[in-house]
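Let's take a walk through this structure together, stopping at a few backbone details, some histidines and the helix packing. Have the model open and turn it as you read.

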Amino acid sequence: MLTQRTIDIANDRDFVLSLRSLSTFENDSPAWRPTSLATYRARWNDGAADEFMDRLTRSLEDERTIAEIWEEDGRPVAFIWVGFTSPAAYGVVVAEVLDIEVVPSHQRLGIGTLLLQHAETLARERGAVILRSETPVKNEASQVLYKKLGFSPDRVRLEKPLAPV
């Protein structure tokens, strides 16, 4: 049985960063990705990890933020982070899935669907009229999941490496 709880920045840091770095390694632009996961994690942990956790921590100052660990039998198996903005020019509240991760052993079991459905419900309750997300073009499983849940493309971001990183 799955249960969810609010992320505890201090105690959940290693779990969150481990999943986040694995996901970015698997889906990052080839221009950013070295040849091994260990090399990537070392580079990522040199600054990106702290930056990611700082952004997550700051977002928790907004009471609308959704930042949850999902557990199975007391063990973390997934997390989701949804932030909120209210662009003045549009006069609406937008919820954005900033991160959603499931441990590899629990992928393709429906947990991602549950996370997104849960986030949608909470986002609506917290005033959002739009739920938005971004996913790498090579992460086809993520794209299938989002489309299954009614998401549609909003824009396309293109990238061209100009020099080796």
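Where is the place of R108? R108 sits in the loop between β4 and α4. Keep in mind as you look that this is a predicted model. The backbone at R108 deserves a glance, since its phi is near 65°, a positive value in a residue other than glycine. With a relative accessible area of 71%, R108 is exposed, the cut-off for that class being over 50%.

Another residue invites a similar look. D73 has a positive phi of about 50°, although it is not a glycine. You will find D73 in the loop between β2 and β3, and its relative accessibility of 65% puts it in the exposed class.

Now return to the loop between β4 and α4, where H106 also lies. Is H106 buried or exposed? Its relative accessible area is 10%, so H106 counts as buried, the limit being under 20%. Leaving out residues up to four places away in sequence, H106 touches E72, R75, V77 and I111. The loop between β4 and α4 thus holds the buried H106 as well as the exposed R108.

From there, move on to H118, which belongs to helix α4, residues 111-125. H118 is buried too, with a relative accessible area of 18%. What does H118 contact, once neighbours within four places in sequence are left aside? Its partners are Q4, E68 and W70. H118 can also be placed relative to I80: the two are 38 residues apart in sequence, and their C-alpha atoms are 9.8 Å apart in space.

Stay with α4 and look across to helix α5, residues 140-148. The axes of α4 and α5 come within 11 Å and cross at roughly 45°, which makes α4 oblique to α5. The crossing is right-handed. On the α4 side, G112, T113 and L116 take part, and they meet L145, Y146 and K148 of α5. Sorted by class, the residues in this contact of α4 with α5 are three nonpolar, two polar and one charged.

Finally, turn to helix α1, which covers residues 9-27 and has a kink of about 30° centred on F15. F15 is also among the buried residues of α1, which further include D12, V16, L17, L19 and S21. Others on that list are L22, S23, T24, F25 and N27. What do the buried residues of α1 pack against? Their partners are the strands β1 (2-6), β2 (66-72), β3 (75-85) and β4 (94-102), together with the helices α2 (37-45) and α3 (48-59).

One of these partners, α2, is worth a closer view. α1 and α2 pack at an angle of about 120°, with their axes 10 Å apart, and the two helices are therefore oblique to each other. α1 passes α2 in a right-handed crossing. From α1, the contact draws on L17, S18, R20, S21, L22, T24 and F25, while α2 supplies L37, Y40, R41 and W44. Six of the residues in this contact of α1 with α2 are nonpolar, three are polar and two are charged. As you inspect the helices, a general point may help: an α-helix has 3.6 residues a turn, so residues three or four places apart point the same way.

Conventions:
Residues are numbered from 1 along each chain as its sequence is written. This is a predicted model: local features need pLDDT of at least 70, side-chain atom pairs count only at pLDDT 80 or more; totals for chains, interfaces and linings use all residues. Side-chain values use heavy atoms; hydrogens and water are left out. The bend at a residue is the angle between axes fitted to the seven residues ending there and the seven starting there. Helices (H or I, at least four residues) and strands (E, at least two) are DSSP runs, numbered from the N terminus. Buried means under 20% relative accessible area, exposed over 50%, partly exposed in between (1.4 Å probe, protein chains only). Contact means heavy atoms within 4.5 Å. Axes are lines fitted to C-alpha atoms, for helices over the stretch in contact, and angles run from 0 to 180 degrees between N-to-C directions. Angles under 35 degrees count as roughly parallel, over 145 as roughly antiparallel, 65 to 115 as roughly perpendicular and the rest as oblique. A crossing is left-handed if the near helix is turned anticlockwise from the far one by less than a right angle, and right-handed if clockwise. Ala, Val, Leu, Ile, Met, Phe, Trp, Tyr, Cys and Pro count as nonpolar, Asp, Glu, Lys and Arg as charged, and the others, Gly among them, as polar.
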